[in-house]
Amino acid sequence: MSDHTQSTAAKTPQTLQPTIGLEIHVELKTATKMFCDCANDPHEAHANTNVCPVCLGHPGTLPTINKKAIESLIKVGLALGAQIAPYTKFDRKNYFYPDLPKGYQISQYDLPLVSGGAINGIRIRRIHMEEDVGRLQHIGQTSVIDYNRASVPLMELVTEPDVRSADEAVAFARQLQLILRYLGVSDADMEKGQMRIEPNVSLNMGTKVELKNINSFKAVHDGIEYEIQRHTKALETGEQLRQETRGWDEQKKATVHQRFKEDAHDYRYFPEPDLPPLVPAEIFDLELLKNTIPELPQAKRARLLEQYPLTADQADILVNDPASARYFEESASELSEKIPADPPLHVLANYLLSDIRGFISQRQMELSDLRIPPEHFAHLIALVHEKKITTRQAKDMIPLMHEKNADPEELIESGGFQAAGEDRIASVVDEVIAQNEKVAGDYKNGKTAALQFLIGKAIGALKGAADPQTLTELFRQRLK
Ligand code: ZN
Ligand code: MN
């Protein structure tokens, strides 16, 4: 092989390996802030109302540790299969910025509360506890500051550089978000800034670029993709890349330079003198905490697929929406009582995920607003299964069941919802054939599409009280 072919081979894009690490900050949902008893409500509309001398960093004030925040972080660690530090402490990270009233952030440096663990095979290096900063806004020539968010409990998670693509990064972040929601420790809403993701990207272990100001999963994906493209191009053209921090510009759909790494801060970390070190096992019963961890998304998915006749997509929808999953399982249990031998659970799943969810989104409601308890819903499915009502009638009954908070049986009794008897269906089929002789003839002569027309006529005449399948069979018999 000549030198020429070798150098060409080295330049083919397939040999470029992206190395991506993630740094993720999440605001924890607690009643009060991290080191004082101000309300933890960063979205309070009135600026600077949830503040006190402690979180404003007045001299002579002393912080106290929020036990609930520490407990939440330990739960996260236990859920992710990580180690809880036997001994940990807080440190001061010193820098000046107007959103940081104390002139330092209380964080954790060399002894994070949590280390190790993994999500989707991507290793987690550490998760530590710190406090959020205030919100700085620039309005025209003026800058204003709101300290309602200052000192809100913040967890910082750092992964090993195990991520290989934009899709893997998003999958990791989504899974983390879901786990945090299952644990109830954070809503982790990216749009509200409750979860902030900062990926760092390099190619073939070359120059590393950090991305900031990303506020959606799509921006995480697009920002990483953009950087992979930019680095690939630079390697091909021989352009020199620099270590830098870049932001994501949603308008330009591009990353933009923010600052070079040369002016990286030296934070002069030192142990926080106003807080005692922590020995978690002395404060918490870790075994007891472990037992409070609910069934987590992956385990739930596996169990749902094993226990019920669901498709993978249906299981995913339920895993991502715990309220729907609960409703499904309660309805399934009701249905299994009504029809113990082979309950039609796949029918139940289909009606829930298409009709009930469709009805809810159409009315812009939450599942908790639905006035169809699982028992009524299961009853509806049983009636369809027993062919006492048609599928069309079942769909029409859903809004009425909600409005009247009624069991389907009551609606059948009050009229209009009952599958037509065999005799009635047969006579309507005969009538339709008699009134549409030409179309019926077309069907007999092999024009199969004509059948749909006849079925449509019959459904109209029966006002939906017969199923298309029943009608199809009957027409086929009559027009042999
Ligand atoms: Zn305060
Ligand atoms: Mn941080």
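## Two metal sites in a predicted protein chain

The zinc ion (ligand 1) is held by four protein donors, namely the SG atoms of C36, C38, C52 and C55, which lie 2.3 to 2.4 Å from the ion. Because the angles that these four donor atoms subtend around the zinc ion run from 100 to 114°, the arrangement is tetrahedral. Four donors count as tetrahedral when all angles lie between 85 and 135 degrees. For comparison, the ideal angle at a metal with four tetrahedral donors is 109.5 degrees. Along the sequence, the donor residues of the zinc ion follow the spacing C-x1-C-x13-C-x2-C. Two of these cysteines can also be described by their exposure: C52 has a relative accessible area of 15% and is therefore buried, and C55, at 3% relative accessibility, counts as buried too.

All of this is read from a predicted model, and it is therefore worth asking how confident the predictor is. The mean pLDDT of the protein chain is 92, and 96% of its residues reach 70 or more. Residues 1-13 need more caution, since their pLDDT stays under 50, and the model has five contacts for them beyond four places in sequence. Where pLDDT is low, the predicted coordinates should not be read in detail.

The second metal is the manganese ion (ligand 2), which is coordinated by H25 through NE2 and by E130 and E156 through OE atoms, at 2.1 to 2.2 Å. The spacing of these donors along the chain is H-x104-E-x25-E. The two glutamates link distant parts of the chain, for E130 belongs to strand β7 and E156 to strand β10 (residues 153-159), with their positions 26 residues apart in the numbering. Both E130 and E156 are buried.

Turning to the chain as a whole, the secondary structure comes to 17 helices and 15 strands. The radius of gyration is 31 Å, well over the 23 Å that the globule rule gives for 480 residues, so the chain is more spread out than a compact globule. Taken along the principal axes, the C-alpha atoms fill a box of roughly 90 × 70 × 50 Å. Of the 480 residues, 48% count as buried, and the accessible surface comes to about 24,700 Å², of which 50% belongs to carbon and sulfur atoms. Among the contacts with a separation of 6 or more, 68% are made by residues 24 or more positions apart.

Some individual residues also deserve a look, beginning with two that have a positive phi although neither is a glycine.

| Residue | Phi | Loop | Relative accessibility |
|---|---|---|---|
| N120 | about 50° | between β6 (118-119) and β7 (122-131) | 41%, partly exposed |
| M205 | about 60° | between β11 (195-203) and β12 (209-212) | 68%, exposed |

The loop that holds N120 leads into β7 (122-131), and β7 is the strand in which the manganese donor E130 is found.

A last residue, S336, is placed in helix α9 (residues 322-338). Is S336 buried, partly exposed or exposed? At 28% relative accessibility, S336 counts as partly exposed, because that term covers values between 20% and 50%. Leaving aside residues up to four places away in sequence, S336 touches P343 and L345. S336 and A382 are 46 residues apart in sequence, while their C-alpha atoms are 9.6 Å apart in space.

Conventions. Residues numbered from 1 in each chain as written. Chains lettered and ligands numbered in written order. Predicted model: local features only at pLDDT ≥ 70, side-chain atom pairs only at ≥ 80, totals over all residues. Heavy atoms only, no water. Donors = N, O, S within 2.8 Å, 3.2 Å for Na, K, Ca; no water. Tetrahedral: all angles 85-135°; square planar, octahedral: opposite > 155°, others 65-115°. Buried < 20%, exposed > 50% of the residue type's maximum accessible area, 1.4 Å probe, protein only. pLDDT = per-residue confidence, 0-100. Contact = heavy atoms within 4.5 Å. Helix = DSSP H or I, 4+ residues; strand = E, 2+ residues; numbered from the N terminus. Rg over C-alpha atoms; globule rule 2.2 N^0.38 Å. Areas by Shrake-Rupley, 256 points an atom, 1.4 Å probe, with all protein chains shown as cover.
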